[in-house]
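Subject: Structure for you to look at

Hello,

Here is the structure I promised to pass on. Please open it first, then read my notes beside it.

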Amino acid sequence: MIHREVTCPVCGCGCDDITVKVDGGKISDIRGACLVGRAKFIEVSEGGKHRIRKPLMRKNGNVKEVSWDKALDEAAEILTSTKKPLIYGFSENSCEAVKIGVDIAEEIGGFIDSQSSHCHGPTILGEQMVGIPSCTLGMVANYADLIVYWGANPVDSHPRHLSRFSVYPRGLYRPEGRRDRKFIVIDTRKTCTGKIASTFIQVEPNKDFELISALRILVEGGELEESEIAGVPVKEIKKLAKTLTTCEYGVVFVGLGLTHSEGKWNNIDNLLNLVRSVNKHTRLSVVAMRGHYNVAGFNEVLTWRTGYPFSVDFQRGYPRYNPGENSIIDMLAKGEIDAMLSISADPASHFPKKCVQHLAKIPLISIELARTPTTELSDLVIPGVVAGMESPASYYRMDNVPLIAKKFLDPPFSQTSSDEETLKMIYQRILDKGK
Amino acid sequence: MIPEGLQDYRLFLGLDLKVVLDTGSSTRQGKVMRSGGKITEGEEYKRASTVCYMNVGDMSFLGVFNGDNVELSSEEGSVVLSAEASSSPAGVVFVPKGPWINSIISSETSQSGSPRFKGMTISVSASKGKVKSVDELIGRYRKAVRKNEK
């Protein structure tokens, strides 16, 4: 059977134009997916050769298979018997699963956070200070004649971004596609994206703030006395300022190069102020290059449930928001968390050593598709379901456009139909304990 | 490979280089991550995540060639990776994200919630050490806990 307009549940592009041929519960052909997306489709199509199919529990250093009931009971017990439990992940789950995650965090009086706090968390902090003139990716494809990637390398991180949304598509007002656009990359090294850009500007590491400030001065009509700023000749900065102010419609895609280096949210704050200045002359928008396919959805759901986009604390019975204090990295590094439920996140691979050392000390529950460094440290492992492939899902693309992903395969087990259902079963057990 | 005697000489001199670390995604590492083979295809995950992409001049200074091992050190610790020449500017190294490089990343977030995955200053030197497997790397955390529990 051929399934058209299937969604790829991998990166923030959320490509929904994939064609998949399924024969006897296995994918026999995939059309339109990138190399990374293809890896995920193949993993699932092969019946998942790496998939975890039964819950696993670690006791006295030994790992053994346990029943679903036993695993879900144990998960509820861990989360209700500790004082500072944290629910973390959700960036590759549906919005419906996030909603249940918030219910659990509220019920147990714990914390909830996602990958967004240590990826584009600083971008959100910058947006909260200045505001963001944004747009949809459809507008980029149809209107934009200037594309700027700042601290982003989509060729490696979002392989179809250039061809589907930004540089190459032939849009309504850009019928010649690539030839109708200027394509600029600003980064600390010449990445694969930098190599194909029409203009590559190499900024010194940790000096983005200085370059943005210089551009702001020029756009506001000021002059620069130095001959070089942040490793970039002033002549080149003037040319960039002119390009920004004379384009018909430009879009700046912001990557982790700005949020993970020195300055963090100050870089974003400064950039958004630059965009405000440029918008006195023309029209410029900003879009964050969100990494996971529903990391934006986590922020959306958490905001409409609690008023805050990430790092929410329910310890006092009502939601509190204090990034830098209640963010997962800070709390783990300070050893403040005493139990954690991680869902589709693998923090042991992506956190600094000090955080992983603490993860290894506390009761850790992970809901994962396959074995990862996190499952190797977990006390309890519950098999996960691929949202958007094995269960339907609503999710938000990187431009905050909500989309629906269809199911086209069954999970390799019958005990649950989705991660949302797994979380509901844990939530019900937590409610039963409170009675 | 670098002639044995020359590498010993470099190691004897203890040459190291202060560089700025940039970590991030690579397609190869992303492919292994998404396929679910981080543990079950640990060798492929290791090959994709333990490459230190360096400037050719920096490699020449340290006396290392493609495939030679280098040790990256920060205040958090050190990790051995495999060097590879790239278009990185002098003084900048790129390493794909993963548990290897994260073992030397500082957890300090400057009250932002986000650690310095990019822009940390570290030292790089030639090394005769071995690149650890993902099992060895994660096993180290478990061993540390058991030692503390005793």
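Below is what I found, going from the overall build of chain A to its meeting with chain B.

Please keep in mind that this is a predicted model.

**Chain A as a whole**

Start with the build. Chain A has 18 helices and 21 strands. Its radius of gyration is 23 Å, and the globule rule gives 22 Å for 435 residues. The two values are close, so chain A is as compact as a globular protein of that length. Along the principal axes, its C-alpha atoms fill a box of roughly 70 × 50 × 35 Å.

**Domains of chain A**

The domain assignment splits chain A into three parts:
- domain 1 covers 2-44;
- domain 2 joins two stretches, 52-119 and 293-434;
- domain 3 covers 121-288.

Look at domains 1 and 3 of chain A. Their centres, taken over C-alpha atoms, are 31 Å apart. Seven residues of domain 1 and six residues of domain 3 make the contact. On the domain 1 side, six of the residues are nonpolar and one is polar. No charged residue is found on that side.

**Where chain A meets chain B**

Now turn to the two chains. Here 59 residues of chain A are in contact with 47 residues of chain B. Several helices of chain A each supply at least two residues to its side, among them H1, H4 (121-130), H14 (328-333) and H16 (353-359). Which helix gives the largest share of the chain A side? That is H1(A), with six residues. By class, the chain A side holds 24 nonpolar, 21 polar and 14 charged residues.

**One helix pair across the chains**

Two packed helices are described by the angle between their axes and the distance between the axes. Try this on helix H1 (residues 35-45) of chain A and helix H2 (residues 27-35) of chain B. Their axes come within 8 Å and cross at roughly 20°. An angle under 35 degrees counts as roughly parallel, so H1(A) is roughly parallel to H2(B). The crossing of this pair is right-handed.

Which residues make the contact? From H1(A) they are A:Leu35, A:Val36, A:Ala39, A:Lys40, A:Ile42 and A:Glu43. From H2(B) they are B:Thr27, B:Gly30, B:Lys31, B:Arg34 and B:Ser35. Sorted by class, the contact of H1(A) with H2(B) has four nonpolar, three polar and four charged residues.

Best wishes

Conventions:
Residues are numbered from 1 along each chain as its sequence is written. Chains are lettered from A and ligands numbered from 1 in the order in which they are written. This is a predicted model: local features need pLDDT of at least 70, side-chain atom pairs count only at pLDDT 80 or more; totals for chains, interfaces and linings use all residues. Axes are lines fitted to C-alpha atoms, for helices over the stretch in contact, and angles run from 0 to 180 degrees between N-to-C directions. Helices (H or I, at least four residues) and strands (E, at least two) are DSSP runs, numbered from the N terminus. Angles under 35 degrees count as roughly parallel, over 145 as roughly antiparallel, 65 to 115 as roughly perpendicular and the rest as oblique. A crossing is left-handed if the near helix is turned anticlockwise from the far one by less than a right angle, and right-handed if clockwise. Two residues are in contact if their C-beta atoms, placed from the backbone, lie within 7 Å. Ala, Val, Leu, Ile, Met, Phe, Trp, Tyr, Cys and Pro count as nonpolar, Asp, Glu, Lys and Arg as charged, and the others, Gly among them, as polar. Domain bounds come from an automatic or database domain assignment. The radius of gyration is taken over C-alpha atoms; the globule rule is 2.2 Å times the number of residues to the power 0.38.
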